[in-house]
Amino acid sequence: MKKYKTIDEVIRKGQLVVNVPVTIIMVIVPIILTIGIPMIIPKKYEGIGILLGLFGGIGLGFLLAWTWWSFRIAKWRIWAFENTKKSDWKALKRKAIKGKFL
């Protein structure tokens, strides 16, 4: 007999595998580009490089985070519904919507 997880356990795992990496990506990419781009361009363009790194990093970070979220959320949904009782699916869906998973 399969041991099902509680809705809170499933939501908590979703936060860890979906939303935490999204936040990390959206913070780290702009930092890396803001520091990295000025290191590879000529010194006289350093200010432009910082701005390019910052705004480009924000855009790229958003794009990468959205891509990560899109793939991981689908995998999490399948896993979540496979690991909860069928009688809990409505409550799981309700909590997932509150947690911005669906």
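## Fold pattern

Going along the sequence, the protein chain reads α-α-α. That's three helices and zero strands, in what is a predicted model. The helices run over residues 7–40 for α1, 46–82 for α2 and 89–98 for α3.

## Overall shape

This chain doesn't match the globule rule: with 102 residues, a compact globule would come in near 13 Å for its radius of gyration, yet the protein chain has 19 Å. The dimensions of the C-alpha trace go with that, at about 65 × 25 × 15 Å along the principal axes.

Sequence-distant pairs still dominate the contact list. Take the contacts with a separation of 6 or more, and 76% of them link residues 24 or more positions apart.

## The nonpolar core

Who's in the largest nonpolar core? Nine residues: I7, V10, I11, V18, I73, W76, A80, L92 and A96. Every helix chips in, with α1, α2 and α3 each giving at least two residues to this core. The largest share belongs to α1, which brings four.

Across the whole protein chain, buried residues come to 25% of the 102.

## Surface and charge

The protein chain exposes about 7400 Å², and 71% of that comes from carbon and sulfur atoms.

As for charge, there are 18 positive side chains against 5 negative ones. How far apart do the centres of the two sets lie? The answer is 4 Å.

Terms used
Residues numbered from 1 in each chain as written. Predicted model: local features only at pLDDT ≥ 70, side-chain atom pairs only at ≥ 80, totals over all residues. Heavy atoms only, no water. Rg over C-alpha atoms; globule rule 2.2 N^0.38 Å. Buried < 20%, exposed > 50% of the residue type's maximum accessible area, 1.4 Å probe, protein only. Contact = heavy atoms within 4.5 Å. Areas by Shrake-Rupley, 256 points an atom, 1.4 Å probe, with all protein chains shown as cover. Lys, Arg positive; Asp, Glu negative; His and termini not counted. Charge placed at Lys NZ, Arg CZ, Asp CG, Glu CD. Core = buried A, V, L, I, M, F, W, Y, C linked by side-chain atoms within 4.5 Å.
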